[in-house]
Amino acid sequence: MATPNNLVYERPEAFTDMPTHYCPGCTHGVAHRLVAEVLEEMDLIHKTIGVAPVGCSVFAYNYFDTDFVEAPHGRAPAMATGVKRVLPDRVVFTYQGDGDLASIGMGEIVHAAARGENITVIFINNANFGMTGGQMAPTTLPGMKTTSSASGRDVETQGYPIKVSEMISTLDGVGYCVRRSLHDPKNIRLAKKAIRTAFETQVRGLGFSMVELLSTCPTNWGMTPVDSLKFVDEHMIPAYPLGDYKISDAIKQIKI
Amino acid sequence: MAAKGWIEVSDTYCKGCELCISACPQEVMELDMSHLTPKGYHPAHTFKDGCTGCAICAVVCPDAAITVYREITKRPATVAV
Amino acid sequence: MPKELWKGNEAIAEAAVRAGLEAYFGYPITPQTEILEYLSRRMPELGRAFVQAESELGAINMVYGAACTGVRVMSTSSSPGVSLMMEGLSYIAGTEIPAVLVNVMRGGPGLGNIAPAQSDYNQAVRGGGHGDYPRIVLAPASIQEAIDLMGLSFDLAEKYRMIAMMILDGSVGQMMEPAEMPEMMEVKRKDFDWATNGAMNRERRLLTSIYLNPLDEEKTNLRMLKRWKEVQTNEVRYKEYFLDDAKYVVIGFGTAGRVALSAVREARAQGIKVGLLRPITVSPFPYEALEQLIPQAEAFLVTEMNMGQMLDDVLLTVRGRVPVEFYGRPGGVVPFHNEILDEIQRLVSGPLAVQTDPRESWLTRMTA
Ligand SMILES: Cc1ncc(C[n+]2csc(CCOP(=O)(O)OP(=O)(O)O)c2C)c(N)n1
Ligand code: SF4
Ligand code: SF4
Ligand code: SF4
Ligand SMILES: [Mg+2]
């Protein structure tokens, strides 16, 4: 019988009722759900302002039951800076894809991190520009085929992937910077714990926090959702090792 | 004996992506080919007994479509008046 | 408050502070850097937000973010920096939120130079960011006016949920003049019903410039135009000098208007019936005030520090009924008042004809 006592899991309250526009099996949805669960568990729904990017998650603002603003492509960290600086007691997070954060918005993210802006960044690395139809992103793997690297990314002419977490973690303003993956239940749980820690970092005023999430794009990768998870495991993780790139001592003390 | 559980899959949210199906450790899930959601997907469902209420399906679901329940095995303590 | 000697850029900064500026985001560029430097000291002293951004792109998007929360926020820059801000300006316009921007213009295009110019008139008034959007543009000609218009910019931006931009040039920014500062305004956060401030106990709010359905976007565009019509009705500002009996009318804004006034005074001393119309709001442009002058005018002289940008607004109003002449100094050159006096005398000695494009004869004279 369905009573609150035997309920194990239900859709988080931090979500609105609106179904997402994401393709079936796209793990953008998992990342959303984890953020929603964390906001709910930390009782932050009513003091949070989200900053949506340009990319597949442009409509993130439709799904979270919090205040939201929508940034120009790549500028979410700057917008979040503006919000947070005048509302330091509110919780501010950006949600950005790899084209948004690591291509057009590289300047904004690096400087927000360097300034130690007390914001949380959820960074979705799906190795391509999903929204515009699967072009090469700065994170596209060498040899990976995209609609703008049809015979596979040639590093000689198209450069090398950018390892964002490794790079961001070198900045002193950063309190928390880790890479997780969304490809199986165990890793999803670890990702959620990381998202929780990132928001705890912000709530405690311990500096810039970012969680990079390896994510799928079944549609543009041309794979089933299940095969996409395998691709993450077999090809993305070797190129983008999971791990804790920076956790400041103060954040290590946080018990969740 | 394994805990007994059951799930509900929302027709509004399920997109038939099968991620839950491949993740379910008890292998009790499949797409319901006899049913279409309003958006035109075959939704996931449990097709046989054996669900433990472990919630792994809900953990992997990108659309927060699954609600998970588990039978309560421990009786709530009764309070003497 | 008594008059004190103020440097233009610092006066602008202090005036913004006194008008309740709660957050400033900027990037150094001559000839406005003193605004940023001044506020880097002043804002923290008052417990208000100041960030030197990584670029103008960063700065305008920080403004965008803070503006979404409903506080008084601004950035300042100069021509090349303002070009970089155009993306953000378009988004701010499309989101229908208030923000204030100051452009201390310099010679261009490109990196140009740091000398005073007015060549961003078109960018400010008509173009710049993509999409169809109105904005308020104010053009002070003195430090006192810049101080007064600074406060007004915030009021207008909030009232009409629109960008208010102040355009001036380095000669106002860098000069020293006695001026009177307003009293310090107490900062009271207004709870606008659109502000995304993450407050408890209300429906969530959303600020975006996306309208995927073209019909919704069209509706938004028309709503903005309707609001703009109100601005045109209520907010046109200009100064008139010696116009009552003027047969010749000089039109100039900002520094060009200020120099023109000296020339007009001298011409008057010589007995020439000449006056000056100096638009203060170049957007909304004082079309009606200009229209009123047409019956009495034998000729108009437009003076600008560019190749003739406001000139188009004048031509649009006069529509061939009276000759319009143009005198400009582009590239960062400030005209001397005797140059404009010569032009006034040329008008008087005639003969003048209505020309399709007054720039042509001006160019011939300039390159002769
Ligand atoms: C200034 C600007 N340039 C380009 C675009 C087009 N555009 C929209 S989304 C996008 C890429 C998004 O990719 P990513 O950030 O990786 O997000 P994903 O869709 O993969 O989640 C681009 C190039 C834009 N909207 N604005
Ligand atoms: S295009 Fe790719 S990233 Fe975008 S929703 Fe579809 S699967 Fe997800
Ligand atoms: S994971 Fe969710 S959306 Fe996908 S089939 Fe299962 S219930 Fe449906
Ligand atoms: S709760 Fe566990 S056992 Fe039951 S359907 Fe879901 S994954 Fe399978
Ligand atoms: Mg991407």
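**Strands, ligand shells and unusual backbone**

Trainee: Which residue of E4(A) stands opposite A:Ile49?
Mentor: Look at strand E2 (residues 48-52) of chain A. Strands are DSSP runs of E with at least two residues, helices are runs of H or I with at least four, and both are numbered from the N terminus. Opposite A:Ile49 in E4(A) stands A:Val92.

Trainee: What kind of model is this?
Mentor: Residues count from 1 along each chain as its sequence is written, chains are lettered from A and ligands numbered from 1 in the order in which they are written, and side-chain values use heavy atoms, leaving out hydrogens and water. Local features need pLDDT of at least 70, side-chain atom pairs count only at pLDDT 80 or more, and totals for chains, interfaces and linings use all residues, as this is a predicted model.

Trainee: How many bridges join E2(A) to strand E3 (residues 67-70) of chain A?
Mentor: Strands pair if DSSP finds at least two bridges between them. E2(A) runs parallel to strand E4 (residues 91-97) of chain A, with four bridges. On E3(A), A:Asp67 stands opposite A:Ile49. E2(A) and E3(A) also run parallel, and the bridges joining them number four.

Trainee: Which residues of E2(A) point the other way from A:Thr48, A:Gly50 and A:Ala52?
Mentor: In a regular strand, side chains alternate between the two faces of the sheet. Five of the five residues of E2(A) are buried, meaning under 20% relative accessible area (exposed is over 50%, partly exposed in between; 1.4 Å probe, protein chains only). A:Thr48, A:Gly50 and A:Ala52 point one way, and the other way point A:Ile49 and A:Val51.

Trainee: How many residues of strand E7 (residues 163-169) of chain C are buried?
Mentor: One way from E7(C) point C:Ile163, C:Met165, C:Ile167 and C:Asp169, and the other way C:Ala164, C:Met166 and C:Leu168. E7(C) is largely enclosed by the rest of the structure, because its buried residues number seven of the seven.

Trainee: Which residue of E7(C) stands opposite C:Val104?
Mentor: Strand E6 (residues 136-138) of chain C runs parallel to E7(C), with three bridges. There C:Ile136 stands opposite C:Ala164. Strand E5 (residues 99-105) of chain C also runs parallel to E7(C), joined by seven bridges. Opposite C:Val104 stands C:Leu168.

Trainee: Which residues coordinate the magnesium ion (ligand 5)?
Mentor: Donors are N, O and S atoms within 2.8 Å of the metal (3.2 Å for Na, K and Ca); water is not among the atoms, so sites may look incomplete. The donor residues are spaced D-x27-N-x1-N in sequence. At 2.0 to 2.2 Å, the ion is coordinated by A:Asp98 (OD), A:Asn126 (OD1) and A:Asn128 (O).

Trainee: How many residues apart in sequence are the parts that A:Asp98 and A:Asn128 tie together?
Mentor: A:Asp98 and A:Asn128 are both buried. A:Asp98 lies in helix H3 (residues 98-104) of chain A and A:Asn128 in strand E6 (residues 128-129) of chain A, so the parts they tie together are apart in sequence by 30 residues.

Trainee: Which cavity does ligand 4 sit in?
Mentor: On a 1 Å grid over the protein atoms alone, a cavity is a set of points where a 1.4 Å probe fits but cannot get out. A molecule sits in one if more than half of its atoms lie within 2 Å of its grid points. The space taken by ligand 3 is the largest cavity. Ligand 4 sits in the second largest.

Trainee: Which residues come nearest to ligand 4?
Mentor: Its shell holds ten nonpolar, four polar and no charged residues. Ala, Val, Leu, Ile, Met, Phe, Trp, Tyr, Cys and Pro count as nonpolar, Asp, Glu, Lys and Arg as charged, and the others, Gly among them, as polar. A residue is near a molecule if one of its heavy atoms lies within 4 Å of it. Of the 14 residues around ligand 4, the nearest are B:Cys24, B:Cys51, B:Cys54, B:Ala55 and B:Cys57.

Trainee: How many charged residues has the shell around ligand 3?
Mentor: Around ligand 3 lie residues including B:Lys15, B:Glu18, B:Cys20 and B:Ile66. By class, that shell has eight nonpolar residues and one polar, and the charged ones number two.

Trainee: Is B:Ala55 buried or exposed?
Mentor: Most residues other than glycine have a negative phi. Phi of B:Ala55 is near 70°, a positive value, and its place is the loop between strand E3 (44-46) and helix H2 (56-60) of chain B. B:Glu18 has phi near 75° and is partly exposed, at 38% relative accessible area. At 10%, B:Ala55 is buried.

Trainee: What is omega of the cis peptide bond that joins C:Gly350 and C:Pro351?
Mentor: C:Pro351 is in the loop between helix H13 (337-349) and helix H14 (358-367) of chain C. Another cis bond joins C:Thr30 and C:Pro31, with omega about 5°. For C:Gly350 and C:Pro351, omega is about -10°.

Note on methods:
On a 1 Å grid over the protein atoms alone, a cavity is a set of points where a 1.4 Å probe fits but cannot get out, and a pocket is an open set with protein on both sides within 12 Å along at least five of seven lines; lining residues have an atom within 4 Å of a point.
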